[in-house]
Amino acid sequence: MLDDDVRAQDLADPASLRHARTSAGERMEVLTELIDEYSTTLESILAVLRSGKVDDGAARSAATAVAASGLVHLRTASDRVRTSTEEPVTTAFERLREDLRPLVHYRDIDVQFVEPPEDGRPLPSEVAHGARAVVRGSVLALLESPEVGRVRVQWDCDGTNLLIDMRDDGHGDIRAESASVQSVSQRIHALGGRISLTATPGWGTEIAIVIPLDPPHAAPGSADAWDLRPREHDVLRRLAAGRRNREIAADLGISENTVKFHVANVYRKLDVTSRSEATALFLRA
């Protein structure tokens with residue numbers, strides 16, 4: 001009981017809460033980086049194995065090389081915590097190019113990159129990392145259409161937002177309701193951005209994305225407007241700290257099913273559909 005009281009006091013202390021939010025954000029960034037590295041490696045290996053451009057022996061050798069390179073990236077991803085809170089837009093774009101190279105190298109696909117302006121405003125690390133993940137996911141969504149042979153990727157900055165534009169030469173049959181596009185949309189919304197998809201039959205698909213460079217300022221009293229009950233606040237704080245349902249249940253001395261019930265209520269009141277969106281709102285409040 002005493003430990004619970006101390007923990008509650010720590011969470012109520014503004015300085016402790018800010019530290020918890022910062023730590024949670026750093027843990028989420030590293031975890032997301034690892035997940036994206038893992039996903040890119042697997043997609044690259046599959047691209048090699050599915051390619052009709054190389055024979056079986058060459059495919060195995062290439063897949064092995066991609067896997068080995070991916071392991072190196074995975075093992076060092078957690079060490080790439082930014083020493084600066086910002087990254088030059090040109091550097092972030094070059095990292096995107098490197099991310100996509102193994103993914104499309106063994107496919108009959110031409111990815112054209114339109115460089116951002118060198119004097120563009122530096123990107124906050126969250127935006128730089130999120131933008132690369134969004135583009136990777138968008139390219140994978142476009143490549144679900146087998147007719148696509150060319151994808152054009154362009155970044156630009158207007159001083160306030162990162163502007164991303166992607167176009168393909170497919171049949172224009174990509175739909176915003178598809179699971180892959182919805183996954184990308186959730187990531188964009190978690191960054192406070194917006195996406196529009198225009199599919200023109202016979203002419204291809206265009207995806208336009210706008211990601212703000214500065215996090216939106218929460219309106220005064222916005223956290224109060226969520227109308228969360230004390231227990232829901234407890235669950236949200238722990239959820240934002242990266243704790244899983246089982247850990248939250250153990251912390252609060254309640255069942256895992258009860259935690260799920262509270263999480264569902266939190267999602268409803270915050271008008272979100274995922275932990276990442278709920279955490280983003282909590283960290284901005």
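**Exercise 1. Classify the accessibility of aspartate 169 and describe the salt bridge in which it takes part.**

Solution. Aspartate 169 has a relative accessible area of 31% and is therefore partly exposed, a class lying between buried (under 20% relative accessible area) and exposed (over 50%), with a 1.4 Å probe and protein chains only. The model is a predicted one, in which local features need pLDDT of at least 70 and side-chain atom pairs count only at pLDDT 80 or more, while totals for chains, interfaces and linings use all residues. Residues are numbered from 1 along each chain as its sequence is written, and side-chain values use heavy atoms, with hydrogens and water left out.

Next, consider the partner. The side chain of aspartate 169 meets that of arginine 150 in a salt bridge, at 3.8 Å from N to O; the term requires a side-chain nitrogen of Lys or Arg within 4 Å of a carboxyl oxygen of Asp or Glu. This pair links distant parts of the chain, 19 residues apart: arginine 150 lies in strand E4 and aspartate 169 in the loop between E5 and H6. Helices (H or I, at least four residues) and strands (E, at least two) are DSSP runs, numbered from the N terminus. Arginine 150, at a relative accessible area of 37%, is likewise partly exposed.

**Exercise 2. Compare the burial of the partners in two further salt bridges, arginine 167 with aspartate 165 and arginine 238 with aspartate 251.**

Solution. In the pair of arginine 167 and aspartate 165, the closest N and O atoms are 3.1 Å apart. Arginine 167 is partly exposed at 41% relative accessibility, whereas aspartate 165 is buried at 13%.

The side chains of arginine 238 and aspartate 251 meet at 3.6 Å, N to O. Arginine 238 belongs to helix H8 and aspartate 251 to helix H9 (residues 245–252), with their positions 13 residues apart in sequence. Both arginine 238 and aspartate 251 are buried.

Finally, shared partners join Arg152, Asp165, Arg167 and Glu206 into one network of salt bridges. The count of salt bridges comes to 15.

**Exercise 3. Identify the helix that gives the most residues to the largest nonpolar core, and describe that helix.**

Solution. A nonpolar core is a set of buried Ala, Val, Leu, Ile, Met, Phe, Trp, Tyr and Cys residues joined through side-chain atoms within 4.5 Å. The largest has 36 residues; among those touching the most other members are Leu123, Trp155 and Leu162. Elements that each supply at least two residues include helix H4 (89–104), helix H5 (125–142) and strand E4 (150–157). H5 gives the most, with 8 residues.

Of the 18 residues of H5, 16 are buried. H5 reaches 26 Å from its first C-alpha to its last, close to the 26 Å expected at 1.5 Å a residue, the expected span being 1.5 Å times one less than the number of residues.

A second, separate core of 17 residues includes Trp226 and Leu252.

**Exercise 4. Locate aspartate 227 and aspartate 271, and state the sign of phi in each.**

Solution. Aspartate 227 sits in the loop between helix H7 (222–225) and helix H8 (230–240). Its phi is positive, near 60°, although the residue is not a glycine. Aspartate 227 is exposed, at a relative accessible area of 56%.

Aspartate 271 sits in the loop between helix H10 (256–270) and helix H11 (275–284). The phi of aspartate 271 is also positive, about 60°. Aspartate 271 counts as exposed, with 69% relative accessibility.
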